[in-house]
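User: Hi! Could you walk me through this structure, one question at a time?

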Amino acid sequence: MAPINANDINDAKAFVPAKKALPEVDTEGSNGNGTTSKGYSYETLLEIANFLISRVSDTPRIGIICGSGMGSYWKEGSLAETISDAVKISYEDIPNFPVSTVEGHHGQLVFGKICGIPVVAMQGRFHYFEGYPLWKCCLPVRVMKLIGIKTLIVTNAAGGLNPNYKVGDIMIVKDHINMMGFSGNNPLHGPNDERFGPRFPPMSKAYNFEYRKIAKEIAKELNIDDIVREGVYTCLGGPNFETVAELNMLKMVGVDSVGMSTVHEVITARHCDLKVFALSLITNECVTSYDIIGEANHEEVLDVGRMRQDVLRQFVSKLVERITQLDANSP
Ligand SMILES: O=P(O)(O)O[C@H]1O[C@H](CO)[C@@H](O)[C@H]1O
Ligand SMILES: Nc1nc2[nH]cnc2c(=O)[nH]1
């Protein structure tokens, strides 16, 4: 049989040029299965933090990770784009920082103010499926801690597995199931530096109870309580969306929303004693039956994010304000 010549394949899709050159992904520290026994030292992370501190005037109090539902892909109106007095620093310009490779993830830190409160937002995050080990996906969390944040707000786009959820709903995360951790893949894998946190951190109160209470009050005030839910999130490695059998298994164990991020960021944040709030924007209904015609796709995820960006901006802005008030009044 004659060998196949790529130019002979009559499939237009196979020849759609890449939108941008594929970046070099640094998987340094990976031992082959994505886990790692290495990571950046405390001193290296401090250097990154000092580099950033030297470029901004206010110490941010709250860090925000903008996921696919709150990305910068659509410029106007997204949360990060409405931060005032903004100083934007591209990931590419930060020494030792990874770069975002996902469509919809801009790849910059935005320092500035929301409701007068100093914040830093990550416009684009790092995912395991991009080729980064988990510790590297979470490196910015430790850097933000060193810069001075006290609270981390994490947002993600996720498939809705709970049958009561609708596309466009916002799920306050009350807990997670660390599926990747079950196989030993954990951002804290490897030697522990006590300057960040303890060897064995607890996770039973990972998602701050008071913040969740405030978020539900804000939902009422904004008259969006009919679309705000509370549930359990899980992260799978991706990049493929799930099979019907996988989703039915996750449903059985109590998962309400499924994504490819957040869990390892929250573990890293709690390890270094940051207070955490997280939300999922439900961007698609999980396909839990072979009779359902549609399939999950990333364009829908971005579209729903765009559709909900005003609501999310208002919701998160109010949260920033109220969390700051709450923490100022707590011992
Ligand atoms: O978790 P975020 O970054 O919001 O994005 C979610 O949406 C993308 C898939 O459409 C994946 O990257 C998944 O993790
Ligand atoms: N794993 C996963 N990630 C998502 N991100 C947005 N929707 C989904 C989904 O259905 N599954």
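User: Let's begin with ligand 1. Which residue has a polar side-chain atom 2.6 Å from an oxygen atom of ligand 1?

Analyst: Quick note before that: this is a predicted model, so local features need pLDDT of at least 70 and side-chain atom pairs count only at pLDDT 80 or more, while totals for chains, interfaces and linings use all residues. Residues are numbered from 1 along each chain as its sequence is written, chains are lettered from A and ligands numbered from 1 in the order in which they are written, and side-chain values use heavy atoms, leaving out hydrogens and water. A polar contact here is a pair of N or O atoms within 3.5 Å (within protein, one must be able to donate a hydrogen and the other to accept it, and residues adjacent in sequence count only if both atoms are side-chain atoms). The side chain that reaches an oxygen atom of ligand 1 at 2.6 Å with a polar atom is that of His298.

User: How much of ligand 1 does the protein cover?

Analyst: Accessible areas come from the Shrake-Rupley method with a 1.4 Å probe, and for residues only the protein chains shown count as cover. On its own, ligand 1 has 350 Å² of accessible area. The share of that covered by the protein is 96%.

User: Which residue offers a polar backbone atom to an oxygen atom of ligand 1?

Analyst: There are 13 residues around ligand 1, and Ser68, His127, Ala157, Ser261 and His298 are the closest (near means that a heavy atom of the residue lies within 4 Å of the molecule or strand). Ser261 uses an N or O atom of its side chain, 2.6 Å from an oxygen atom of ligand 1. The backbone contact, at 2.8 Å, comes from Ala157.

User: How many residues of the shell around ligand 1 are polar?

Analyst: Ala, Val, Leu, Ile, Met, Phe, Trp, Tyr, Cys and Pro count as nonpolar, Asp, Glu, Lys and Arg as charged, and the others, Gly among them, as polar. By that sorting, the shell has 5 nonpolar residues and 1 charged one. The number of polar residues is 7.

User: On to ligand 2. Which side chain puts an N or O atom 2.6 Å from a nitrogen atom of ligand 2?

Analyst: Two backbones also come up here: Ala157 has an N or O atom 3.4 Å from a nitrogen atom of ligand 2, and a polar backbone atom of Gly259 is 3.4 Å from one as well. The side-chain contact at 2.6 Å belongs to Asn284.

User: Which element gives the most residues to the shell around ligand 2?

Analyst: Helices (H or I, at least four residues) and strands (E, at least two) are DSSP runs, numbered from the N terminus. Strand 5 (151–160), strand 8 (257–259) and strand 9 are the elements giving two or more residues to this shell. With 3 residues, the biggest giver is strand 5.

User: Now salt bridges. Which residue does Arg61 meet in a salt bridge?

Analyst: A salt bridge is a side-chain nitrogen of Lys or Arg within 4 Å of a carboxyl oxygen of Asp or Glu. The structure holds 14 of them. In this one, N and O are 3.0 Å apart, and the pair ties helix 9 (residues 309–329) to the loop between helix 1 (42–53) and strand 1 (62–66). The partner of Arg61 is Asp327.

User: Why does Lys275 count as partly exposed?

Analyst: Buried means under 20% relative accessible area, exposed over 50%, and partly exposed in between (1.4 Å probe, protein chains only). Lys275 forms a salt bridge with Asp327, N to O at 3.0 Å, and Asp327 counts as buried because its relative accessibility is 13%. Lys275 counts as partly exposed because its relative accessibility is 31%.

User: Which residue joins Asp193 and Arg195 in a network of salt bridges?

Analyst: Arg195 and Asp193 form a salt bridge with their closest N and O atoms 3.0 Å apart. Arg195 is partly exposed at 48% relative accessibility, and Asp193 is partly exposed at 24%. The residue linked with them in the network is Glu43.

User: Last one: how many bridges pair strand 3 with strand 4?

Analyst: Two strands pair if DSSP finds at least two bridges between them. Strand 4 (residues 117–123) has 6 of its 7 residues buried, and strand 1 runs parallel to strand 4, joined by 5 bridges. Strand 3 (residues 108–114) and strand 4 form a hairpin with 2 residues between them. Their pairing is antiparallel, and the number of bridges is 7.
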